[in-house]
Amino acid sequence: VNGKGIERLQAAGVNVSLASGELKKECEELNKRFFTFHTKKRPYVVLKWAQTGDGKIAATNEERLMISNEFSNRLVHKWRSEEAAILVGTNTALLDDPSLTTRSWPGPSPTRLVLDMNLRLPAILQVFDRKVKTIVFNSVKEEDTGNLVYYKIEKDKSTLQQVLDKLYQLNIQSVLVEGGGVLLQSFIDEALWDEARIINNSELIINDGLKAPVLFNAEKTGEENVLTDTIEVFKLANSFPG
């Protein structure tokens, strides 16, 4: 309604409360993706990972480690359906070969984003099956073949900022980051995130493995149990909405 919402409601005979700040926090939470997109000029960024009871996100032998239970996995697919895009890095795409779809939930699959600077990922991976639009950020070429698009970014500038700038230009309002530890930690270190969802399996201890990312400047906003898993939700402290 372009700033004329109150006027149009009143003209229609609706009683409108003009109390300053009424339900402000609830409104900001409800519209957090929209507000973040237009105030920060970037998508709303949700970080997600699963970790063991001793703080590991993967085994070191490159075998895929199933940390979260089947119900948490379905919930992750629900999360995917709620965001406009989903992002992984080169190693996650190569080692896990994920499809990044909502096959376990009745909702739309997000646009798939892959960060592959040197284009070393093989074309046989599931993310290149063209069933869902996929964008590859790289330093080699620009190419648009319909459901598979390549965008070139510069190596001597912030990779993540360039990715978010491009997503803003593409009108992509939110992104779920399911990358590995390095990619997730980079978002944290550059304060380019808004929400983090951490799935904890306290019963699984593997000792030797890849360490989970470390959150800082974060406020815990929620927690829930899903059978053997505990899901914690955090937001970036002093960020919008607040």
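These are legends for a set of close-up views of a predicted model.

**View 1. The whole sheet, strand by strand.** Here we look at an open sheet of 10 strands, in the order 6-7-5-4-3-8-1-9-12-11 and with mixed pairing. At the edges sit strand 6 (143-144) and strand 11 (218-226), each of which pairs on one side only. Strands in a sheet like this pair through backbone hydrogen bonds, either parallel or antiparallel.

**View 2. Strand 8 and its two neighbours.** Strand 8 covers residues 174-177, and its side chains split two ways: Ser174 and Leu176 point one way, Val175 and Val177 the other, and all are buried. That fits the usual picture, since side chains in a regular strand alternate between the two faces of the sheet. One neighbour is strand 1 (residues 44-52), which runs parallel to strand 8 and is joined to it by four bridges. Along this seam, Val45 stands opposite Val175 and Val46 stands opposite Leu176. The other partner shown is strand 3 (residues 85-89), paired with strand 8 in the parallel sense over three bridges. On that side, look for Leu87 opposite Val177.

**View 3. Strand 7, with strand 5 and strand 6.** Strand 7 (residues 148-152) has four of its five residues buried, so it is largely enclosed by the rest of the structure. Strand 5 (residues 134-138) pairs with strand 7 in the parallel sense over five bridges, and Thr134 has Leu148 as its bridge partner there. Strand 6, by contrast, runs antiparallel to strand 7, with two bridges joining them; Glu143 stands opposite Tyr150. Strands 6 and 7 make a hairpin with three residues in between, and in that turn Gly146 has a positive phi of about 90 degrees. While you're here, check the ring of Tyr150: Lys141 lies over its face, at 4.3 Å from the ring centre.

**View 4. Helix 7 and what covers it.** Helix 7 takes in residues 181-189, and its buried residues are Leu183, Leu184, Gln185, Phe187 and Ile188. The cover over these buried residues includes strand 1, strand 3, strand 4 (111-115), helix 6 (159-169) and strand 8. Just past the end of helix 7, Ala191 takes a positive phi of about 55 degrees.

**View 5. A buried glutamate in strand 9.** Glu195 lies in strand 9, which spans residues 195-201. With a relative accessible area of 6%, Glu195 counts as buried, because the cut-off for buried is under 20%. The side chain of Glu195 makes a polar contact with the side chain of Lys32, at 2.9 Å. Leaving aside residues up to four places away in sequence, Glu195 touches Lys32, Tyr44, Val45, Val46, Leu47, Val233, Phe234 and Lys235.

**View 6. Aromatic pairs.** The model has three aromatic pairs. One of them is Phe34 with Phe35, an edge-to-face pair at 5.9 Å centre to centre, with 65 degrees between the planes. Phe34 is partly exposed at 42% relative accessibility, and Phe35 is partly exposed at 26%. Phe37 and Tyr168 make a tilted pair, 4.7 Å centre to centre and 40 degrees between the planes. This pair links distant parts of the chain, with Phe37 in helix 3 (residues 32-40) and Tyr168 in helix 6, 131 residues apart. The two rings also part ways on accessibility: Phe37 is buried at 3%, whereas Tyr168 is partly exposed at 27%.

**View 7. Two nonpolar cores.** Nonpolar side chains tend to be buried together in soluble globular proteins. The largest nonpolar core here has 33 residues, and those with the most contacts inside it are Leu47, Trp49, Phe137 and Phe187. Zooming in on Trp49, and again skipping residues up to four places away in sequence, its contacts are Ile57, Leu184, Ile188, Arg197, Ile198, Ile199, Ala212, Pro213 and Leu215. A second, separate core has 23 residues, including Trp79, Val114, Val127 and Leu148. Trp79 has a charged visitor too: the charged end of Arg197 sits over its ring, 5.0 Å from the centre.

Methods
Residues numbered from 1 in each chain as written. Predicted model: local features only at pLDDT ≥ 70, side-chain atom pairs only at ≥ 80, totals over all residues. Heavy atoms only, no water. Buried < 20%, exposed > 50% of the residue type's maximum accessible area, 1.4 Å probe, protein only. Pairing = 2+ DSSP bridges. Contact = heavy atoms within 4.5 Å. Polar contact = N/O pair within 3.5 Å; in protein donor to acceptor, adjacent residues only side chain to side chain. Phe/Tyr/Trp six-rings, centres within 6.5 Å; stacked < 30°, edge-to-face > 60°. Lys NZ or Arg CZ within 6 Å of the ring centre and 35° of its normal. Core = buried A, V, L, I, M, F, W, Y, C linked by side-chain atoms within 4.5 Å.
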